[in-house]
Amino acid sequence: MDLLHRAISEPRARALAHGLAIFSRETGMTMVAKGIEREAERDVVIALEIPLAQGFLLGRPQPWPTS
């Protein structure tokens with residue numbers, strides 16, 4: 001189970017995700033939330049103000065051009 005999934009129901013996991021989001025902003029890093037498959041995970045990403053996300057909820061994987 002990944003951190004964002006656990007952050008939905010576990011306060012300690014949410015606090016860790018929140019701390020990582022703050023750390024990334026304060027250090028100028030760009031944080032990407034991965035594995036967003038449910039609306040509840042998307043809601044956590046929005047609440048934590050994580051600027052980028054990817055996952056099945058947002059769009060299915062696309063073929064990568066080979067040439």
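This passage describes the nonpolar core, two contrasting residues and the salt bridges of a predicted model.

The core comes first. In soluble globular proteins, nonpolar side chains tend to be buried together. In this model, the largest nonpolar core has 11 residues. Its members are Leu4, Ala7, Ala17, Ala21, Met31, Ala33, Ile36, Val44, Val45, Leu48 and Ile50. Three helices, H1 (3-7), H2 (11-26) and H3 (39-47), each give two or more residues to this core.

Leucine 4 is one of the core residues. Residues up to four places away in sequence are set aside in its contact list. With that limit, leucine 4 touches Ala33, Ile36, Val44 and Val45. These four partners also belong to the core.

Alanine 7 is another core member, and it lies in helix H1. Its relative accessible area is 1%. The limit for a buried residue is under 20%, so alanine 7 counts as buried. Beyond residues up to four places away in sequence, alanine 7 touches Ala13, Arg14 and Val44. Val44 is also on the contact list of leucine 4. Alanine 7 and glutamate 41 are 34 residues apart along the chain. Their C-alpha atoms are separated by 8.2 Å.

Serine 9 presents another case. This residue lies in the loop between H1 and H2. Its relative accessibility is 59%. A residue is exposed over 50%, so serine 9 counts as exposed. Alanine 7, by contrast, is buried. Serine 9 and alanine 40 are 31 residues apart in sequence. In space, the distance between them is 9.9 Å, C-alpha to C-alpha.

Charged residues come next. Side chains of opposite charge can pair when their charged atoms come close. The count in this model comes to 2 salt bridges.

One salt bridge joins the side chains of glutamate 10 and arginine 6, at 3.0 Å from N to O. Glutamate 10 has a relative accessible area of 30%. Arginine 6 has a relative accessible area of 36%. Partly exposed residues fall between the buried limit of 20% and the exposed limit of 50%. Glutamate 10 is therefore partly exposed, and arginine 6 is partly exposed as well.

The other salt bridge joins the side chains of arginine 42 and aspartate 43, at 3.4 Å from N to O. Arginine 42 is partly exposed, because its relative accessible area is 31%. Aspartate 43 is also partly exposed, with a value of 41%.

How values were computed
Residues numbered from 1 in each chain as written. Predicted model: local features only at pLDDT ≥ 70, side-chain atom pairs only at ≥ 80, totals over all residues. Heavy atoms only, no water. Core = buried A, V, L, I, M, F, W, Y, C linked by side-chain atoms within 4.5 Å. Buried < 20%, exposed > 50% of the residue type's maximum accessible area, 1.4 Å probe, protein only. Helix = DSSP H or I, 4+ residues; strand = E, 2+ residues; numbered from the N terminus. Contact = heavy atoms within 4.5 Å. Salt bridge = Lys/Arg side-chain N within 4 Å of Asp/Glu carboxyl O.
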